[in-house]
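Please open the model in a viewer and keep the selection panel at hand. The tour below proceeds from one selection to the next.

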Amino acid sequence: MADEIPRIEIEVEVNGRSYRREVEPRLLLVDFVRQELGLTGTHVGCESSYCGACTVLLNGASVKSCTMFAVQADGGRLETVEGLADGERLHPLQQAFSDCHGLQCGYCTPGLLMSARYLLSRNPDPDEEEIRKAIAGNLCRCTGYQNVIAAVRQAAATMRKEGAE
Amino acid sequence: MTPPGGDKKWVGKPLRRKEDDRLVRGRGKFVDDYEMAGMRYLHFVRSPFGHARIRGIDASAAENLPGVEAVLTGAELAETVQPFMQIGPDPGAKLLDYPMAVGKVRYQGEPVAAVIAASRMVAEDAAELVEVDYEPLPAVIDAETALLDETLLHEEAGTNAIYGDRFEWGEVDRAFEEAATVVSIGRLHFHRFSSTPLENNGVVCRWEPDGKIYFVCNNSFPTFGIQFLAPALGVALEQIHVQTHDIGGSFGIKITNYPQMAVCALASRRVGGRPVKWVETRTEHLQGSGHGNERTYLDTRVALDADGVITAISSRHLDDCGAYLRYEPLGCVIWSQVVCATYRLRNLRIDFQQLVTNKCPTAPNRGYSRLQHLWFMERVLDICGHRLGIPADEMRLRNYVRPDEMPYTTPNGCVYDSGDYPAMLARAKELIGWDTWRAKQREAREAGRWVGIGIGTTLDSGTNNFGQSRILNRFLPFSGNSEAANIKIDIDGQIVVSLGSVPQGQGHETTTAQVVAEELGIHPDRVRVRTGFNTEWNTYTGHSGTYASQFAVTGLSAVHGAVGKLKKELARLAAFRLGCGEDQLSFEEGEEGPCLKGPGDASVNYWGLANLVNVNNAELPQELRELTLNCRYIYVPPFEVPDVEKKYGNLTLTYAAQLHVAVVEVDRRTCQARILDYAVVDDCGTVINPVVVEGQVHGAAAHGIGAALYETCAYDPEGNLMTSTFSDYCPITAINMPSLRCANMQTPSPFSFNGAKGMGEGGGAPLHALSAALQDALLSEGVIVGDSHNPPDAIFQTLRGMRPSPRVEVERRGA
């Protein structure tokens with residue numbers, strides 16, 4: 001029963017900071033990030049990998065944290081939306097989403113930002129089709145995606161110009 | 001043409017949103033982000049059956065699980081609460097609607113018990129241990145079967161037809177007698193779908209020992225919800241406090257989460273007033289939150305004159321509202337805000353009935369009740385046009401209300417404030433390259449391809465007159481509309497605005513700041529607009545909320561009124577401080593912040609004036625001590641109570657319009673419809689922020705395209721929801737959403753101070769345009785599109801005659 005489940009110690013680097021925690025083996029990565037670490041920018045929308053609101057980067061690759069266990073991230077390097085900005089200075093993706101009105105309610109935004117970040121880390125100059133494919137696993141119910149795509153293109157241009165990561 | 005407000009500094013400009021900074025940083029605050037000391041978690045035990053009697057519930061194993069504090073059952077809850085108030089007349093008024101199932105379950109996913117535990121995981125574990133003994137009953141899953149009353153959902157009502165009435169205007173029989181052509185159309189059907197906000201429903205509640213009930217939630221019309229909650233819980237309205245912060249979309253669906261709010265309140269009381277959190281899963285949301293209304297149209301007859309102008313329509317409409325009336329039967333009258341759509345016909349007879357079925361209760365989903373009617377009207381127009389050989393664009397031009405007729409009074413007394421539908425059509429044709437596409441279509445058809453072009457014209461009626469509810473139930477003490485805003489200058493000179501609206505992505509903080517900045521001659525960054533809704537701000541009326549496309553009118557009118565009051569106070573104070581006349585003052589951005597400038601170099605900033613009122617009032621003369629710099633304003637639109645006998649009156653203040661043109665190709669092998677091109681023209685009067693408006697246009701288009709081609713809440717005959725995950729429901733993604741060509745036109749509303757019209761709902765134009773385009777594509781195959789949902793399997797079945805096209809008969813009279 002719930003109180004008898006043995007806990008497992010894990011160590012994860014999140015946004016450049018190291019965390020050691022004892023967790024239930026069934027604890028989902030998204031719940032670890034939100035509840036154990038208090039990083040509530042990562043959201044839950046479907047618990048089934050479809051909507052992408054929970055997208056984070058694990059060792060540089062995008063994952064749906066709602067369908068991964070926290071213990072699977074043991075020893076890994078995690079990036080969440082909270083790690084994007086450099087202090088007060090927004091990441092070019094964050095800036096572009098705002099500039100292009102690529103968000104409305106903002107619930108899907110953290111996941112979309114992380115998927116886009118993963119895309120741009122592999123492909124600094126994606127065309128529209130490549131962007132659409134890269135965010136196909138991220139649902140947005142507000143924007144109709146058009147301004148999201150424009151935002152990713154703008155961010156890519158900015159990052160190429162600045163030589164940013 | 002210079003757009004109205006072209007001389008403005010902030011209004012009408014594409015200002016970046018104030019909301020964005022926190023949201024792109026992941027620092028928004030949504031319900032599930034709230035954690036409180038001592039918080040407990042609630043998880044529902046839900047019915048796996050669409051319709052069943054509850055023989056008994058054994059919660060002992062769950063109660064014995066360590067960490068579980070309580071299990072509440074529907075029967076137990078019914079002993080302490082009153083059933084929810086019913087809006088409609090008998091027989092619907094006889095329904096007993098409790099926050100959880102009592103005695104029977106009536107839809108799959110209906111809550112039968114609630115487990116409260118120390119963690120969400122323990123609550124979920126325990127819910128699996130609750131044994132419910134069900135006796136399955138036959139499920140009623142469509143309106144036409146419900147009408148037979150062979151199986152009753154609510155025995156106390158005695159029928160599944162909870163509302164029915166005839167809506168008739170003009171001289172229908174005479175119009176049919178005089179018609180040159182009469183077209184009869186068989187069964188049409190508007191399917192069930194939901195805008196499925198990405199954030200599920202959620203509530204945090206604590207029922208404190210002093211009797212106060214605090215909710216942090218994402219209900220999008222809390223002033224409506226608390227009017228249901230208070231009597232059900234047996235408390236005074238004053239005891240209920242509701243706060244929202246960031247909301248991850250609602251689209252109307254979150255208006256009806258008040259039953260779950262009630263359960264959370266009772267759960268908190270049950271566990272000694274500790275805070276209780278409930279957050280829905282996606283499957284719970286799809287099965288048990290709210291769906292859009294489904295509608296079936298039978299026995300439709302259309303009278304036309306010799307020129308193809310529609311002169312009369314008679315029809316029978318069955319609205320399927322699911323198992324309970326959580327916002328209904330309001331949808332039984334709201335469609336009549338747009339009874340004649342964008343057309344000039346004066347004679348209509350609609351027999352309207354609403355039926356309960358063993359499906360999720362409906363909620364007022366984006367475009368609520370109007371889009372179902374507008375889709376019907378667009379189908380009628382296109383079916384008649386096709387059968388009479390009149391092209392879709394020409395058919396519309398012959399039938400549109402003309403711009404020189406605006407403001408136009410409809411047959412039921414609604415007043416279309418402004419609009420130029422022929423100009424919108426011309427603009428949309430230009431945008432999409434109409435003639436080029438027609439040429440390409442001819443070539444494609446010659447090559448054996450199924451390519452079609454469709455037009456959808458739609459209305460987004462905004463700022464509704466609650467008096468229309470009396471057409472359903474003459475005894476309802478509701479009418480008019482109102483919205484509140486408060487603006488104050490804080491002790492330190494900061495401008496603070498609070499609103500009665502409940503935004504979920506519409507950018508109210510930004511557009512409010514634009515209006516305030518414009519009127520005070522300052523920068524919008526100077527204006528702090530509080531996030532969300534909070535009853536404790538006292539900035540609300542009984543109509544407050546975010547629904548029915550109204551913020552640009554009701555919300556901003558309230559802001560405008562509050563700023564007007566504030567400016568009078570500021571001017572009186574500044575005139576005293578500067579020793580000049582009020583008429584010598586101007587509102588400006590000064591070197592020391594927002595200020596009033598007097599003659600010469602004299603000026604006083606807001607801090608100086610707020611200081612006088614708040615902490616330095618001994619300096620004030622007696623006649624100025626009544627000033628507070630804390631100004632509340634209630635906007636009341638100019639409505640009258642409708643004539644309930646004639647069902648006649650002005651039901652909404654503004655009528656935004658959208659015109660969509662879609663080009664589609666149906667793949668001959670897969671029957672998949674692919675959008676080749678898509679154009680949207682919107683007219684919502686004077687635009688406050690073009691970026692925000694464009695965002696709403698895109699979003700509404702995505703919902704409509706998704707619904708037309710992919711999204712459906714489909715039930716099997718036993719009442720199992722077949723689309724209870726996103727993988728089955730298939731919300732539209734970036735892969736299947738086309739690029740839109742958009743244009744904006746502005747015919748200012750004469751009825752709002754700023755010329756704006758509410759516009760967030762969009763009116764479901766893609767459903768109209770895609771049904772039309774598919775019919776155009778498949779006309780050679782003899783297909784008449786009779787359903788609003790056209791995924792590949794449905795098109796395949798239609799082409800094979802497994803899903804017959806509606807029967808259409810044309811009767812030509814005389815010479």
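Select chain A. Its radius of gyration, taken over C-alpha atoms, is 16 Å; this agrees with the value near 15 Å for a compact globule of 165 residues, the rule being 2.2 Å times the number of residues to the power 0.38. Along the principal axes, the C-alpha atoms of chain A fill a box of roughly 50 × 30 × 25 Å. This is a predicted model, in which local features need pLDDT (the predictor's confidence in each residue, from 0 to 100) of at least 70 and side-chain atom pairs count only at pLDDT 80 or more, whereas totals for chains, interfaces and linings use all residues. Residues are numbered from 1 along each chain as its sequence is written, and chains are lettered from A and ligands numbered from 1 in the order in which they are written.

Colour chain A by secondary structure. Five helices and five strands appear, in the sequence pattern β-β-α-β-β-β-α-α-α-α; helices (H or I, at least four residues) and strands (E, at least two) are DSSP runs, numbered from the N terminus. Of the 165 residues in chain A, 55% are buried, that is, with 20 or more other C-beta atoms, placed from the backbone, within 10 Å of their own.

Next, select residues 55-58 and 61-64 of chain A. These are β3(A) and β4(A), paired in the antiparallel sense over four bridges; pairing requires at least two bridges found by DSSP. A:Val56 faces A:Val63 across this pair. Two residues lie between the strands of the hairpin, where A:Asn59 takes a positive phi near 50°.

Move to chain B, which has an average pLDDT of 97, with 99% of the residues scoring at least 70. Select β4 (104-105), β2 (52-58) and β6 (131-136) of chain B. They form an open antiparallel sheet in the order β4-β2-β6, with β4 and β6 as the edge strands. Two bridges join β2(B) to β4(B), and B:Ala52 stands opposite B:Val105.

Now select helix α21 (765-778) of chain B. Its 14 residues should span 20 Å at 1.5 Å a residue, and its end C-alpha atoms are indeed 20 Å apart; the expected span is 1.5 Å times one less than the number of residues. In α21(B), 14 of 14 residues are buried.

Finally, display the contact between the chains: 47 residues come from chain B and 43 residues from chain A, where contact means C-beta atoms, placed from the backbone, within 7 Å. On the side of chain B that touches chain A, α19(B) gives the most, with six residues.

Key: Contact = placed C-beta atoms within 7 Å. Buried ≥ 20, exposed ≤ 12 C-beta atoms within 10 Å, placed from the backbone.
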